[in-house]
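This report describes a protein chain and its ligand for a reader working at the bench. Please consult the sequence and the structure alongside the text.

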Amino acid sequence: MLDINPIVKTIQVPGIRVFSNKVAGYPDGINLTIGQPDFPTPENVKEAAVTAIRESRTGYSHNAGLLELRQSVADFFQDTYNFSYAPDEEIIVTNGASEGLDSVLRTIIEPGDEVILPAPTYSGYDSLVRLNGGVPVHMDISVSNFKPEAEAIRQTVTDRTKAIIFNHPSNPTGVSLSHPEMAVLVETLAELDVFVISDEIYSENTFSGKHTSFGSFEALHDRLFIIHGLSKSHAMTGWRLGFILGPAEVMRYVLRVHLNNSICAALPSQYAAIEALKNTRHFPLEMNERYIERRDFVHGKLTAMGLSCETPTGAFYIFPSVEGTGFDDITFAERLLEEEHVAVVPGSAFAKEGRNHIRISYASAMEHLEVGMQRMERFVKKYQPKING
Ligand code: PMP
C-alpha cells in the first residue's frame, strides 16, 4: 500500500458503534446507545423538501446557504436567545453540525495547535482536531460534576492553545450550564487568547429552565463560533443540515473552506430547514415532554439499582457511575450485552475521563427502556451480593 496520512490510521472507529453493531445480532436486543431522536421529522418539514424537489429547486445554492434560510437562522436566535448575527456575513449553512465543526477547525488550526476538550467529551472532537493537524488536550471535568471550571481552563491553556470546545447540553453527560456558571467562564475566556467553539446542537433539548448560549455574552463575539443544526431539535439527523455562527472577519475564511469541501448544503434540506425554523419551533418542546418522562423513569430505576447519577438537564443521555458494581465500564457494558442483550456505551468511549460510567440514551421508546432497565437490574443484582460478600 502506498503511504497515506499516518494520522488517519490512528483514528479509531467510535466506541459507540462497536456496541450498537453487536446488539443488532440479538433478536431480543435492546439498544440504548442511539444518538438520535426516535421521532420522525415533522410532516410539514418533509413536505417543504418534497415540494422543492418536485419544483426542481435542486441545484446549488449560494455557498453560505440560501439567504432566506440564513435569515431564518438569525431570526431564530434573535427570538429565542435575544442576540443577533448578520445573515450576510456571520452565518454559514453546513452539511450537519459535523461539517460546520470541521470547517471551523480547518480554518483556525495550524499544525501542532492545541485544542482543549473538557472530558468526557463527544468523540468526534478528538478525531476532527487530530485530522486537522491539531493536538487535543483533555481537561478533566469528571472531578467537577462534569462542569468545566474557570481555574482549570486557566491551568490548561498554554501558548500553543488555539481553541476550546464546549458542548452544552452535553453528549455524553446530559449536563447543561446555568447563566451564572457561564458568566464566570466567560470572564476568564475573554481574558485568554483563544477561540471558543460552542457546540449547542442539543440547546433545544433543555429540560429545566432555558438554555444559555455563549452567544448571549457580547465579550466573546469576536472569538466565538456557535455550532448548531437541526439534527436533534427537529429529528433531522439524516438531512445533514447544520449552521455556524461566527465573527465576520473569520467567517469569510470559514466560507472558503466550506465552499471547497461542500460547495453548499443539500438544497432540499435547506428548504426543509426554513420550514422547521419558521413554522415548527414547538416541535422540540413536544419531544422534550417524552424525554423528560423517560429521563425520570430511567433515573429512578438507576438510582434504585445503586448506580448513582445526577438528573440530566438536557440532551437525551444519562451518565451513571458503575463503580459500585465492581466492574469497570467496559467490562460492565460487555457483560451486560452478552448476558442480558442490552447495549449501552462505556464511558471511556468519551475519553478516559469518562471511565467508570456508562452512557444510556433515552431516545428510545418507553417499552424498550422498561425492558432494558429490568434486565439491567437483574444483571446488577446478580453480581452485587458477590461483590458485597
Ligand atoms: N455534536 C454533538 C455533541 C453530537 O452529539 C453530534 C451527533 N451525535 C454532532 C455534533 C453531529 O451532529 P450532525 O448530525 O448535525 O452532524
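## Two alanines with positive phi

Ala315 lies in the loop that runs between α11 (283-305) and β9. The model is a predicted one, and in it the phi angle of Ala315 is near 60 degrees, a positive value in a residue that is not glycine. Ala315 has 30 other C-beta atoms within 10 Å. A residue needs 20 or more such neighbours to count as buried, and Ala315 is therefore buried.

A second alanine, Ala351, also has a positive phi without being glycine, here near 85 degrees. Ala351 is placed in the loop between β11 and β12. Ala351 counts as buried because 22 C-beta neighbours fall inside 10 Å.

## The sheet β9-β12-β11

The strands that border these loops belong to an open sheet of three strands, in the order β9-β12-β11, with antiparallel pairing. Since β9 and β11 stand at the edges and each has a single partner strand, one side of each is left without a neighbour in the sheet.

Strand β9 (residues 317-318) is joined to β12 by two bridges, and the two strands run antiparallel. In this pairing, Ile318 stands opposite Ile360 of β12. Strand β11 (residues 345-346) is likewise connected to β12 by two bridges in an antiparallel arrangement, where Val345 has Arg359 of β12 as its bridge partner.

In a regular strand, side chains alternate between the two faces of the sheet. Strand β12 comprises residues 358-361; Ile358 and Ile360 point one way, Arg359 and Ser361 point the other way, and all are buried. Arg359, the bridge partner of Val345, is thus a buried residue according to the neighbour count.

## The parallel pair β3 and β4

Strand β3 (residues 114-119) is mostly covered, with six of its six residues buried. Glu114, Ile116 and Pro118 point one way from β3, whereas Val115, Leu117 and Ala119 point the other way; all are buried.

Strand β4 (residues 135-140) runs parallel to β3, and six bridges join the two. One of the residues that point away from β3, Ala119, has Asp140 of β4 as its bridge partner.

## Cis peptide bonds between β5 and α8

The loop between β5 (161-167) and α8 (179-191) contains Pro169. The peptide bond that joins His168 and Pro169 is cis, with omega at about -10 degrees.

Pro172 also has its place in the loop between β5 and α8. A cis peptide bond joins Asn171 and Pro172, and its omega is about 25 degrees.

## The surroundings of the ligand

Which residues come nearest to the ligand? Of the 13 residues around it, these are Gly96, Ala97, Ser98, Asn171 and Ser231. Asn171 therefore appears in two settings, beside the ligand and in the cis peptide bond with Pro172.

Helix α5 (residues 96-108) gives the most to the shell around the ligand, contributing three residues. By class, the shell has nine polar, three nonpolar and one charged residues.

## The chain as a whole

The protein chain has 13 helices and twelve strands. Its radius of gyration is 21 Å, close to the 21 Å that the globule rule gives for 389 residues, so the chain is as compact as a globular protein of that length. Along the principal axes, the C-alpha atoms fill a box of roughly 65 × 55 × 50 Å.

Of the 389 residues, 48% count as buried. Among contacts between residues at least 6 apart in sequence, 74% join residues at least 24 apart.

## The annotated domain

In an unreviewed entry, UniProt lists residues 28-368 as "domain: Aminotransferase class I/classII large". In the model, the end C-alpha atoms of this span lie 10 Å apart, and the span is 39% helix and 15% strand.

Technical notes: Residues are numbered from 1 along each chain as its sequence is written. This is a predicted model: local features need pLDDT of at least 70, side-chain atom pairs count only at pLDDT 80 or more; totals for chains, interfaces and linings use all residues. A residue is near a molecule or strand if its C-beta atom, placed from the backbone, lies within 6 Å of it. Helices (H or I, at least four residues) and strands (E, at least two) are DSSP runs, numbered from the N terminus. Ala, Val, Leu, Ile, Met, Phe, Trp, Tyr, Cys and Pro count as nonpolar, Asp, Glu, Lys and Arg as charged, and the others, Gly among them, as polar. The radius of gyration is taken over C-alpha atoms; the globule rule is 2.2 Å times the number of residues to the power 0.38. A residue is buried if 20 or more other C-beta atoms lie within 10 Å of its own, exposed if 12 or fewer, and partly exposed in between; C-beta atoms are placed from the backbone. Two residues are in contact if their C-beta atoms, placed from the backbone, lie within 7 Å. UniProt positions are given in the numbering used here, feature names are shortened, and annotations may be inferred rather than shown by experiment. Two strands pair if DSSP finds at least two bridges between them.
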